[in-house]
Amino acid sequence: MLKIAHRGASGYVTENTLAAFSKAIELGADMIELDIHHWKGQLVVTHQKPKAALGARCMAPFLGLADVIRFVKGKIQLNIEIKEGGKVYPGIEKSLVSLLEKENFIDPCIVSSFDGPTMEKIKQLRPALSCGLIFERQPLKNLQRAKELGFDVIHPRWTICTPDLVAQAHQKK
């Protein structure tokens, strides 16, 4: 079982900050889950859309994903969730894969999203990259879709995660 720090150690310090990521490492997490958006030409780490987050927190700038990767590299794995896919941020898939390749950070991460077409494009761009589909309903349909598209992991909402779904997820295609 993996210990995944949601947005870093967000129960201790402000989420999606280097302090939260540092605390997650200190506490012995195996992986950090974080959310990304495309903002002003770069991939940034924030749960909310950047304009909404700025209005809610009145804070700027956001952490760049490249800075986070450099900070955690060699210390912990990342689960990078694309909050809004290619329909909202055209080219986010290529931007993310290029960044991960540039930073030599393909292996220690998972890229995931609710957006199946975005994840499909990521998998096409870099087949070796571990990809996951997040879903809240229709567990068997989404599991089958993830398997058909060659995704490596699934992230079902806990309320639909049953022993049967887990058993079926572990079966080969």
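How much space lies in the largest pocket? In this predicted model, the largest pocket holds about 1,100 Å³ of space, and 34 residues line it. The points below take up that pocket, then two helices with buried sides, H3 and H6, and finally a serine in helix H4.

**The largest pocket**
- Among the lining residues, those closest to the centre of the pocket are Ile4, Val153, Ile154, His155 and Pro156.
- Two or more lining residues come from each of the strands S1 (4-6), S2, S5, S6 (109-113), S7 (130-135) and S8 (153-156), and likewise from each of the helices H6 (139-148) and H7 (163-170).
- By residue class, the lining of the largest pocket divides into 19 nonpolar, six polar and nine charged residues.

**Helix H3 and the nonpolar core**
- Helix H3, which spans residues 65-72, has Leu65, Ala66, Val68, Ile69 and Val72 as buried residues; because these cover an arc of only 160 degrees around the axis, they lie on the same side of H3.
- An α-helix has 3.6 residues a turn, so residues three or four places apart point the same way.
- The partners against which the buried residues of H3 pack are helices H1 (18-26) and H4 (92-102), together with strands S2 (31-39), S3 (42-45), S4 (63-64) and S5 (77-82).
- Just after H3, glycine 74 adopts a positive phi of about 85 degrees.
- The largest nonpolar core has 39 residues, of which Leu65, Leu78, Leu96 and Leu100 touch the most other members.
- Leucine 78, when its neighbours within four places in sequence are left aside, is in contact with Val68, Ile69 and Val72, as well as with Met31, Ile32, Leu34, Phe105, Pro108, Cys109 and Ile110.

**Helix H6**
- The buried residues in H6 are Asn142, Leu143, Ala146 and Lys147, and they are placed on the same side of the helix because they cover an arc of only 140 degrees around the axis.
- On the face of H6 turned away from that buried side are the exposed residues Lys141 and Glu148.
- Strands S7 and S8 and helix H7 are the elements against which the buried residues of H6 pack.
- Glycine 150, just after H6, takes a positive phi of about 80 degrees.

**Serine 98**
- Serine 98, found in helix H4, has 34% relative accessibility and therefore counts as partly exposed.
- Although serine 98 and leucine 125 are 27 residues apart along the chain, their C-alpha atoms are separated by 9.4 Å.

Methods:
Residues are numbered from 1 along each chain as its sequence is written. This is a predicted model: local features need pLDDT of at least 70, side-chain atom pairs count only at pLDDT 80 or more; totals for chains, interfaces and linings use all residues. Side-chain values use heavy atoms; hydrogens and water are left out. Buried means under 20% relative accessible area, exposed over 50%, partly exposed in between (1.4 Å probe, protein chains only). Helices (H or I, at least four residues) and strands (E, at least two) are DSSP runs, numbered from the N terminus. The arc is that of the directions from the helix axis to the C-beta atoms. Contact means heavy atoms within 4.5 Å. A nonpolar core is a set of buried Ala, Val, Leu, Ile, Met, Phe, Trp, Tyr and Cys residues joined through side-chain atoms within 4.5 Å. On a 1 Å grid over the protein atoms alone, a cavity is a set of points where a 1.4 Å probe fits but cannot get out, and a pocket is an open set with protein on both sides within 12 Å along at least five of seven lines; lining residues have an atom within 4 Å of a point. Grid points are joined across faces, edges and corners, and a volume is the space filled by probe spheres set on the points. Ala, Val, Leu, Ile, Met, Phe, Trp, Tyr, Cys and Pro count as nonpolar, Asp, Glu, Lys and Arg as charged, and the others, Gly among them, as polar.
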